[in-house]
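The following account leads the reader through one protein structure, from single residues to the whole fold and its charged pairs. Please keep the sequence and the structure in view while reading.

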Amino acid sequence: MAMISEMDKNSPFHPVVAFVEKRDPLFRIHGLKGSSAAYVLSQIARQVQYPLVVVTADEEQAERFFQELLFFVGPGQEVIHYPSWDLKPFEKISPPSEVMGQRWTVRNRLLADPCPRVIVASLAAVLSRVPPREVLRRFSFSLLPEQEFMREELITRLEGMGYS
């Protein structure tokens with residue numbers, strides 16, 4: 001657990017940071033207007049050493065909060081948006097491939113490098129079922145333009161993922 005420095009104890013955010021450092025499950029701050037919540041969170045994120053997750057009521061609020069956080073965060077701080085599928089239950093269409101890619105990218109980054117960052121997601125995005133972590137670890141890989149990949153190895157990987 002990261003220790004709060006003496007200088008940080010004089011910060012107006014000290015009580016909130018101390019609460020977060022203790023990893024208590026819930027802390028509420030009332031009366032914040034406009035983008036002040038994003039500002040407060042950006043200040044807290046600078047002082048803690050693990051990921052923070054912000055869950056909003058809907059996707060529109062998540063996107064807005066994400067943009068506000070991007071404005072306030074300092075260099076070296078990473079803010080990630082975990083989008084929802086943006087589909088109604090039982091719709092017979094697939095989610096956009098861009099959204100699928102963003103969701104897999106976020107999950108992959110969290111598994112590969114749990115460095116301090118802020119993840120912003122809507123409640124719908126958080127509640128969406130996803131494959132277990134082991135599936136991501138076992139079957140995901142990256143292909144980049146101009147990257148050489150052995151044909152047989154690629155075929156084996158793709159068949160292992162269910163392609164025929």
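In this predicted model, a convenient starting point is E63, which sits in helix α3, the element spanning residues 59-72. The residue has a relative accessible area of 42% and is therefore classed as partly exposed. E63 also belongs to a patch of negative charge on the surface, where it gathers with D58, E60 and D86.

From this charged patch the description turns to strand β1. This strand comprises residues 52-56, and T56 is part of it. With a relative accessible area of 10%, T56 is buried. When neighbours within four places in sequence are set aside, the contacts of T56 are Q61, A62, A121, S122 and L123. One of these partners, S122, falls within the range of strand β3, which covers residues 118-122.

Strand β3 also contains V120. How far apart are the C-alpha atoms of V120 and T56? The separation is 7.7 Å, although the two residues lie 64 residues apart along the chain. V120 has a relative accessibility of 0% and therefore counts as buried. Its surroundings can be listed in the same manner: with residues up to four places away in sequence not counted, V120 touches V54, A62, F65, F66, L69, V79, I80, H81 and Y82. A62 thus appears among the contacts of T56 and among those of V120.

These local views may now be placed within the whole protein. The protein holds seven helices and three strands. Read from the N terminus, its elements follow the order α-α-β-α-β-α-β-α-α-α. Of the 164 residues in the protein, 30% are buried. Among contacts between residues at least 6 apart in sequence, 66% join residues at least 24 apart. The accessible surface comes to about 11,800 Å², and carbon and sulfur atoms account for 57% of that area.

The last topic is the pairing of opposite charges. How many salt bridges does a search of the whole structure find? The search finds four. One of them joins the side chains of E78 and R109, with an N to O distance of 1.6 Å. This pair links distant parts of the chain, since E78 is in the loop between α3 and β2 (79-82) and R109 is in helix α4 (residues 97-112), 31 residues apart. R109 has a relative accessibility of 34% and so counts as partly exposed.

E78 takes part in another salt bridge, in which its side chain meets that of R117 at 3.1 Å, N to O. Because E78 lies in the loop between α3 and β2 while R117 lies in the loop between α4 and β3, this pair ties together parts that are 39 residues apart in sequence. Is R117 buried or exposed? At 5% relative accessibility, R117 counts as buried. Taken together, E78, R109 and R117 are linked in a network of salt bridges.

A further salt bridge is found between the side chains of E152 and R151, at 3.3 Å from N to O. Both E152 and R151 are exposed, whereas R117 of the network is buried.

Technical notes. Residues numbered from 1 in each chain as written. Predicted model: local features only at pLDDT ≥ 70, side-chain atom pairs only at ≥ 80, totals over all residues. Heavy atoms only, no water. Patch = residues over 30% accessible without salt bridge, like charges linked within 9 Å, V, L, I, M, F, W, Y side chains within 5 Å. Areas by Shrake-Rupley, 256 points an atom, 1.4 Å probe, with all protein chains shown as cover. Lys, Arg positive; Asp, Glu negative; His and termini not counted. Charge placed at Lys NZ, Arg CZ, Asp CG, Glu CD. Helix = DSSP H or I, 4+ residues; strand = E, 2+ residues; numbered from the N terminus. Buried < 20%, exposed > 50% of the residue type's maximum accessible area, 1.4 Å probe, protein only. Contact = heavy atoms within 4.5 Å.
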